[in-house]
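Trainee: I have a new structure open and I'd like to understand the words people use for it. Can we go through it together?

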Amino acid sequence: MIRDPQQPSSRTPAMTPFSALSLLRQGLSGQRGWQPQWRNPAPKSAYDAVIIGGGGHGLGTAYYLAREHGLSHVAVLEKGWIGGGNTGRNTTIIRSNYLFPESAALYDHALKLWEGLSQELNYNMMFSQRGVLMLAHTVHDMQVAKRHVHANRAAGVDNEWLTPREAQAFCPPLNIGDIRYPVLGAALQRRGGTARHDAVAWGYARGADTRGVDIIENCEVTGIRLDPRGAVEAVDTTRGRIRAPRVGVVAAGHSSVILRMAGVALPLESYPLQALVSEPVKPVFPCVVMSNTIHAYISQSDKGELVIGAGTDAYTSYTQRGALHIPSHALEAICELFPMFRRLRMLRNWGGIVDVSPDRSPIIGKTPVPGLYVNCGWGTGGFKATPGSAHLFAWTIAHDEPHPINAPFTLERFRDGALIDEAAAAAVAH
Amino acid sequence: MLLIDCPYCGERPEPEFVYGGQAHIARPTHPAQVGVDEWAQYLYLRANTRGVHAERWRHTHGCGRFFNALRDTLTDRFLATYRVGERPPQPPGGWS
């Protein structure tokens, strides 16, 4: 969809439902009848709530505020274009096999929402539960992976242990023996998989807009104004001042920058995280494979590209790019595990800025400033949590208190010591 | 890949180095007298600067020594490197 950002449109929200019939009708009329999927309104001077950050988490928050909490006088402010940050830069992997009960509950809440999201939003998320296979290459890996399997099953989250042969049967391209670190087994979460990341932003944007939410792009927040009592009063933006008694910050790598405007320091550091895709090929790769020890993530998109995740760069940065030796390292691991990909060419490589917290768990909740809420610290793994994060953050903003699932994920845990230490337990190397 | 000017060895490629996080964070001198807020500040709160950032690096695969650097996190350009114990260099008018 191409629109002129200088031309505000303020038609009454009226969503054309997508269906086989509407596709057929548009097909017969030359596809000329489609309407923009959301409006392009100018910002109003005041809202009941403002969400800073137009990624999947922020748009979803606005959607759930309108749909479940009756708060439709809401604006989403986005510095660039919606879904242009980490929502459009990740490797689209979805899983919930985290070690600690708090994390497993949080990510499984998201996974359950994923399972009904396409129907709920009437938008094809291309959600594919093709299974996430996490490889073990050492005795220690096996112990950690089996501990995860048991912890997950006790928490009601599916996860199972596969022998090397079973892993190869599940993922035939996998080379289990003839490599420096042979595959000794794997943990498989069958409910895990992938989704189309752009569709997540667009589907939530359309759903929120239909319920009256204003999505305002090209609108950078430059300041947060507090009233004499110290509560949130307004945000200053490049498109003027917007008053709101409730402000939710969902700004990923820039969360520190935004919160500092209100005098709140966060325990976050922002790092570049790189990913890359290959030239498209026919369907050859049936699942998602992750290796913690030799560090590689890989799946195949429906378009045919191999989607490959590399690690974070060593240093903090806001550049949305990183050093070549980081993806090179990931490719070396991919070529060891899947020799048939050795002659594939890589098409694109990019970086996103991820906000990493000390315990590698997110922060979803209130801040010391009344009316100011924060949802950040998702680090290298926020995409999978998008619906759950948005759903719980909307609840937190609407009730001015956290939902029981996100209650442990406070900002205060870094003062009180109640860390949810997935740094060693998220089953990936950070 | 960054080219980093170790104050002891000169310019070397990034993989020879390990990043050491924000520089000039002093451990509280009397830990027993420090409250939880100060501990949280020391352990976890970071500037996460968008701009000129003072940070530690260690030349692991070289001299093995720690040193400090000023780097612009918007461009990744190094402005200066300096030895531990030295103050960060400040040109007249500040870094631009």
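**Helices that meet**

Mentor: Sure. In this predicted model, Tyr63(A), Tyr64(A) and Arg67(A) of H2(A) meet Leu113(A), Leu117(A), Glu120(A) and Leu121(A) of H3(A).

Trainee: What makes H2(A) and H3(A) roughly perpendicular to each other?

Mentor: Look at the crossing angle. The axes of helix H2 (residues 56-69) and helix H3 (residues 101-121) of chain A cross at roughly 75 degrees and come within 15 Å. Angles of 65 to 115 degrees count as roughly perpendicular, so H2(A) and H3(A) get that label.

Trainee: And why is H3(A) called roughly perpendicular to H9(A)?

Mentor: Here the axes of H3(A) and H9(A) cross at roughly 105 degrees and come within 6 Å. The range for roughly perpendicular is 65 to 115 degrees, so the label fits H3(A) and H9(A). On the H3(A) side, the contact is made by Leu106(A), His109(A), Ala110(A), Leu113(A), Trp114(A) and Leu117(A). On the H9(A) side, Thr386(A), Pro387(A), Gly388(A), His391(A) and Leu392(A) take part.

Trainee: How do you know that the length of H9(A) agrees with what a helix should span?

Mentor: Helix H9 of chain A has 14 residues, 386-399. The expected span is 1.5 Å times one less than the number of residues, so H9(A) should span 20 Å. Its end C-alpha atoms are 20 Å apart, which agrees.

Trainee: What makes H9(A) mostly covered?

Mentor: Eleven of the 14 residues of H9(A) are buried. Among them are Ser389(A), Ala390(A), Phe393(A), Ala394(A), Thr396(A) and Ile397(A). Just after H9(A), Asp400(A) takes a positive phi of about 55 degrees.

**Cysteines**

Trainee: How do you know that Cys171(A) is in no disulfide?

Mentor: Check the sulfur distance. The nearest cysteine sulfur, that of Cys287(A), is 3.8 Å away, while a disulfide needs the pair within 2.5 Å. Over all chains, the search finds zero disulfides.

Trainee: Why are Cys171(A) and Cys376(A) called buried?

Mentor: Buried means under 20% relative accessible area. Cys171(A) has 0%, so it is buried, and Cys376(A) has 1%, so that label applies there too.

**Sheets**

Trainee: In chain A, why are E5(A) and E17(A) called edge strands?

Mentor: Eight strands form an open sheet there, in the order E5-E6-E4-E14-E15-E16-E13-E17, with mixed pairing. Strand E5 (160-162) and strand E17 (346-356) of chain A each pair on one side only. Neighbouring strands of this sheet are turned by 20 degrees against each other on average, direction ignored.

Trainee: How do you know that E5(A) and E6(A) pair?

Mentor: Two strands pair if there are at least two bridges between them. E5(A) and strand E6 (residues 185-189) of chain A have three, in the antiparallel sense. Leu162(A), for one, stands opposite Ala186(A) in E6(A).

Trainee: What about the sheet in chain B: which strands form it, and in what order?

Mentor: Four strands make an open sheet in the order E3-E4-E5-E6, with antiparallel pairing. Strand E3 (18-22) and strand E6 (78-83) of chain B are the edges, each pairing on one side only. The twist averages 30 degrees from one strand to the next.

Trainee: What joins E5(B) to E6(B)?

Mentor: Five bridges join strand E5 (residues 66-72) of chain B to E6(B), and the two run antiparallel. Phe67(B) has Arg83(B) in E6(B) as its bridge partner.

Trainee: What makes the side chains of E1(B) alternate?

Mentor: Follow strand E1 (residues 3-6) of chain B: Ile4(B) and Cys6(B) point to one face and are buried, while Leu3(B) and Asp5(B) point to the other and are not. E1(B) also forms a hairpin with E2(B), with three residues between them. Four antiparallel bridges pair E1(B) with strand E2 (residues 10-13) of chain B, and the partner of Cys6(B) is Gly10(B).

**A tryptophan in chain B**

Trainee: Last one: why is Trp95(B) called partly exposed?

Mentor: Buried is under 20% and exposed is over 50%. Trp95(B) has 29% relative accessibility, so it counts as partly exposed. Trp95(B) lies in the segment after E6 of chain B, and its contacts include Val52(B), Leu70(B) and Pro89(B). Trp95(B) and Val52(B) are 43 residues apart in sequence and 7.6 Å apart in space, C-alpha to C-alpha.

Definitions and conventions
Residues are numbered from 1 along each chain as its sequence is written. Chains are lettered from A and ligands numbered from 1 in the order in which they are written. This is a predicted model: local features need pLDDT of at least 70, side-chain atom pairs count only at pLDDT 80 or more; totals for chains, interfaces and linings use all residues. Side-chain values use heavy atoms; hydrogens and water are left out. Buried means under 20% relative accessible area, exposed over 50%, partly exposed in between (1.4 Å probe, protein chains only). Axes are lines fitted to C-alpha atoms, for helices over the stretch in contact, and angles run from 0 to 180 degrees between N-to-C directions. Angles under 35 degrees count as roughly parallel, over 145 as roughly antiparallel, 65 to 115 as roughly perpendicular and the rest as oblique. Contact means heavy atoms within 4.5 Å. Lists of a residue's contacts leave out its neighbours within four places in sequence.
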